[in-house]
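Please open the structure in a viewer and keep the selection panel at hand. The stops below are meant to be visited in order.

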2 protein chains.
Amino acid sequence: MASIGTKRDAKISLNTVERLSLYRRALEELSHEKIQYVHSHRLAALTGVTPAQLRRDLATFGSFGNISRGYDVRQMSATISRIVGTDEVQNLALVGVGHLGRALLSYKGFEERGFHVAAAFDADPDKAGRVFAGRRCYSMDDLEEVISTLNVRILVLASHPQGLQDAIDRAAAAGVRCFLNFVPKITSVPDGCFIEQIDISAKLEKLSFLSRQKVDQVSAVRR
Amino acid sequence: MASIGTKRDAKISLNTVERLSLYRRALEELSHEKIQYVHSHRLAALTGVTPAQLRRDLATFGSFGNISRGYDVRQMSATISRIVGTDEVQNLALVGVGHLGRALLSYKGFEERGFHVAAAFDADPDKAGRVFAGRRCYSMDDLEEVISTLNVRILVLASHPQGLQDAIDRAAAAGVRCFLNFVPKITSVPDGCFIEQIDISAKLEKLSFLSRQKVDQVSAVRR
């Protein structure tokens, strides 16, 4: 069977990276079920992607699989991990130990995906020095030092909106280039940095709004 | 001061609804700080929206505020709640009591925003009948009955990918029109239904991928 290899210097779009995450999750489920090989149409069905799209995405990484037996589940999963950089554990840090921050600290899914929440920070002096879900909470004064010591590459933001931009700017100056923002505020990041936004309440409020529209009005409010 | 009123039959776009959530969250923060009035430029700065956009959004709801004193913080917050439908508590239900499902059950932010997670479901028979973070976990067999009894309008999905589409289809047949999906799978919903996707791991993997790109390569992979 031909190996799955990444073509050198292949340009991977961010949409492809998002779909790679879907594929990898489906491959892990298959691996848990002790399934060794999977055909493209089955993997496409498991992820909700069209088979043509799946084949286009995988073609980016060169030769892959054989038509009669399908893709090697564990090999493809490992290749995707290597591409997205989760083949080794990466340290995250969390800013803000409120309701959402604590729920995120208790979420074991980060570890399963190769991310370790190594530290938490909070602007409230009463929280500094305490331990939440096994993680030491530091004062915001220690942000730069802890980020540097723990080699934090991604900062998860769950603070109050007020201190958000300041936390981003300081972390970016300390070398963090990637931010996962759960705070309901539109922010900016310096050049060369990236921020992804997740606003659970806004999604719920949007659904709440939609759930009150009459069915025949719904098409009018669709984007 | 002129009151904030919704124009009758005004068409509100979903982008506007998302920004209304941002405004409301900022207004609540201001209200906690005992601030009674806020000018448009200040509210725009707090949310990261441009002042022009903010004024356009609020113009949808008719007359609002007075130039010298600004907007009435509590009144505007209440108006937005009424528009998005969170002025009365709405019952949610959760499908899937794994790592993410439990973190969501422990998240107190839902209640603060006017949503009550009234029940949980899991396909694992060992979990049915148990209580997680104060919520009874039901068997998937009881989905339709519990949804109907508790008048669940929005279903939060955190199950394994396999049973996902079936859960959506059954809930939709039982009258649920809105879904908040945390499961890494592209799904479809019947006509007149809405689904919003939140994939925390995919966002992290995307950031992980980006954190490994050299700064000068980053513009090449931007969408």
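Which residue caps the N-terminal end of α9(A)? The model to be explored is a predicted one, and the tour begins at that helix end. Select Asp199(A) together with Ser201(A): Asp199(A) is the cap, with a side-chain oxygen 3.4 Å from the backbone nitrogen of Ser201(A).

**Helix α9 of chain A**

Extend the selection to residues 200–212 of chain A, which make up helix α9. This helix has 13 residues, and from its first C-alpha to its last it reaches 19 Å, close to the 18 Å expected at 1.5 Å a residue. Is the helix largely enclosed or largely open? It is largely enclosed by the rest of the structure, because 11 of its 13 residues are buried. Among the buried residues are Ile200(A), Leu204(A), Leu207(A), Phe209(A) and Leu210(A). Ser201(A), whose backbone nitrogen faces the cap, is also one of the buried residues.

**The sheet of chain B**

Next, colour the strands of chain B. Seven of them form an open sheet with mixed pairing, in the order β5-β6-β4-β3-β7-β8-β9. Its edge strands are β5 (131–132) and β9 (194–197) of chain B, each of which pairs on one side only. Now bring α9 of chain A back into view: this helix packs on the sheet of chain B, touching β3 (90–95), β4 (115–122), β7, β8 and β9 of that chain. The direction of the helix makes about 165° with that of β8(B).

Within this sheet, select residues 154–157 and 178–181 of chain B, which are strands β7 and β8. The two run parallel and are joined by four bridges. Leu155(B) can be found opposite Phe179(B) of β8(B).

Move on to β4(B). Seven of its eight residues are buried, so this strand is largely enclosed by the rest of the structure. Six bridges join β4(B) to β3(B), and the two strands run parallel; here Leu94(B) has Ala120(B) as its bridge partner. Strand β4(B) also runs parallel to β6(B), residues 135–139, with three bridges between them. On that side, Phe121(B) has Tyr138(B) of β6(B) as its bridge partner.

**The sheet of chain A**

Turn to chain A and select its strands. They too include an open sheet of seven strands with mixed pairing, ordered β5-β6-β4-β3-β7-β8-β9. Strands β5 (131–132) and β9 (194–197) of chain A are its edges. Strand β8(A), residues 178–181, pairs with β9(A) in the parallel sense over four bridges, and Asn181(A) stands opposite Gln197(A) of β9(A).

Two helices of chain A can be shown over this sheet. Helix α5(A), residues 99–106, lies across β3, β4, β5, β6 and β7 of chain A and runs at about 155° to β3(A). Helix α8(A), residues 164–173, packs on the sheet and touches β3, β7, β8 and β9 of chain A, its direction making about 160° with that of β8(A).

**The two copies together**

Finally, display both chains. A turn of 180° with a shift of 0.0 Å along the axis lays chain A on chain B with an RMSD of 0.0 Å. The two copies are therefore related as by a two-fold rotation axis. To locate this axis, select Ala103(A): its C-alpha is the nearest to the axis in chain A, at 2.5 Å. The same surface serves both copies, since 100% of the contact residues of chain A recur in chain B.

Notes
Residues are numbered from 1 along each chain as its sequence is written. Chains are lettered from A and ligands numbered from 1 in the order in which they are written. This is a predicted model: local features need pLDDT of at least 70, side-chain atom pairs count only at pLDDT 80 or more; totals for chains, interfaces and linings use all residues. Side-chain values use heavy atoms; hydrogens and water are left out. Two strands pair if DSSP finds at least two bridges between them. Contact means heavy atoms within 4.5 Å. Axes are lines fitted to C-alpha atoms, for helices over the stretch in contact, and angles run from 0 to 180 degrees between N-to-C directions. Buried means under 20% relative accessible area, exposed over 50%, partly exposed in between (1.4 Å probe, protein chains only). Copies are superposed by least squares on the C-alpha atoms of residues with pLDDT of at least 70 in both. The expected span of a helix is 1.5 Å times one less than its number of residues. A polar contact is a pair of N or O atoms within 3.5 Å; within protein, one must be able to donate a hydrogen and the other to accept it, and residues adjacent in sequence count only if both atoms are side-chain atoms.
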